[in-house]
Amino acid sequence: MIEAARDEGDSVHPDEYGVVIGACDRRGQWRTALSVVDMLEAEPKHAHQQRVKAVTKAYTRAITACRRAKRWREALNLIERMRARGVD
């Protein structure tokens, strides 16, 4: 869904990333959740500055997916990635 929108040049709102990551979490697909975070991070940083809450929620959902899968290293890595991007 997100890849198709991006391929067509459409803007993807951070809430949409969060919805997809949440679905990955519910299905136990932590790797896919991390891939979606990679896509989010590939977006220009300034595109999300006004949407900080949605970006934070997307990261939190991905961390939850990793936690449920007992992928602690990946969860901690996401926290570091958040900090590096200035997301609280």
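Of the 88 residues in this protein chain, 41% are buried, and I should say at once that what we are looking at is a predicted model. The chain comes to 5 helices and 0 strands, so that is easily written down, since reading along the sequence gives the pattern α-α-α-α-α. If we take the contacts with a separation of 6 or more, residues 24 or more positions apart account for 59% of them.

Let me begin with helix 3, which covers residues 30–42. Helix 3 has 13 residues and reaches 19 Å from its first C-alpha to its last, which is close to the 18 Å expected at 1.5 Å a residue. Which residues of helix 3 are buried? They are Trp30, Ala33, Leu34, Val36, Val37, Met39 and Leu40.

I would like to stay for a moment with one of these, Ala33, which counts as buried because its relative accessibility is 0%, and the cut-off for that word is under 20%. Leaving aside residues up to four places away in sequence, Ala33 touches Ile21, Cys24 and Ala65. There is also a C-alpha distance to mention here, as Ala33 and Ala23 are 10 residues apart along the chain and their C-alpha atoms are separated by 8.5 Å.

That brings me to the packing of helices. In general, two packed helices are described by the angle between their axes and the distance between the axes. Helix 2, residues 14–26, packs with helix 3 at an angle of about 165°, and their axes are 8 Å apart. Because of that angle, helix 2 is roughly antiparallel to helix 3, the cut-off being over 145 degrees. The crossing in which helix 2 passes helix 3 is left-handed. On the helix 2 side we find Tyr17, Val20, Ile21 and Cys24, and these meet Thr32, Ala33, Val36, Val37, Met39 and Leu40 in helix 3. How do the residues of this contact divide into nonpolar, polar and charged? There are 9 nonpolar, 1 polar and no charged residues in the contact of helix 2 with helix 3.

Now let us move along to helix 4, residues 52–68. Its 17 residues should span 24 Å at 1.5 Å a residue, and because its end C-alpha atoms are 24 Å apart, the two values agree. The buried residues in helix 4 are Ala54, Val55, Thr56, Ala58, Tyr59, Ala62, Ile63, Thr64, Ala65 and Cys66. Against which helices do these buried residues pack? They pack against helix 2, helix 3 and helix 5.

Two residues of helix 4 can serve as examples. Cys66, which lies in helix 4, counts as buried because its relative accessibility is 0%. Not counting residues up to four places away in sequence, Cys66 touches Trp30, Leu34, Arg71, Glu74, Ala75 and Leu78. Cys66 and Leu76 are 10 residues apart in sequence, and from C-alpha to C-alpha they are 9.2 Å apart in space. The other example is Thr56, also placed in helix 4, which is buried with a relative accessible area of 16%. With the same neighbours in sequence left out, up to four places away, Thr56 touches Met82, Val87 and Asp88.

Helix 5, residues 72–85, is the partner I turn to next, since its axis and that of helix 4 come within 8 Å and cross at roughly 165°. It follows that helix 4 is roughly antiparallel to helix 5, and the crossing of these helices is left-handed. From helix 4 the contact is made by Thr56, Tyr59, Ala62, Ile63, Cys66 and Arg67, and from helix 5 by Trp72, Glu74, Ala75, Leu78, Ile79, Arg81, Met82 and Arg85. The residues of this contact divide into 9 nonpolar, 1 polar and 4 charged.

Finally, let me come to the loop between helix 4 and helix 5, where Lys70 is found. Is Lys70 buried or exposed? Lys70 is exposed, as its relative accessible area is 61%, and the cut-off for that word is over 50%. Just after helix 4, Lys70 takes a positive phi of about 60°. As background, most residues other than glycine have a negative phi. Lys70, a residue other than glycine, has a positive value.

Terms used:
Residues are numbered from 1 along each chain as its sequence is written. This is a predicted model: local features need pLDDT of at least 70, side-chain atom pairs count only at pLDDT 80 or more; totals for chains, interfaces and linings use all residues. Side-chain values use heavy atoms; hydrogens and water are left out. Helices (H or I, at least four residues) and strands (E, at least two) are DSSP runs, numbered from the N terminus. Buried means under 20% relative accessible area, exposed over 50%, partly exposed in between (1.4 Å probe, protein chains only). Contact means heavy atoms within 4.5 Å. Axes are lines fitted to C-alpha atoms, for helices over the stretch in contact, and angles run from 0 to 180 degrees between N-to-C directions. Angles under 35 degrees count as roughly parallel, over 145 as roughly antiparallel, 65 to 115 as roughly perpendicular and the rest as oblique. A crossing is left-handed if the near helix is turned anticlockwise from the far one by less than a right angle, and right-handed if clockwise. Ala, Val, Leu, Ile, Met, Phe, Trp, Tyr, Cys and Pro count as nonpolar, Asp, Glu, Lys and Arg as charged, and the others, Gly among them, as polar. The expected span of a helix is 1.5 Å times one less than its number of residues.
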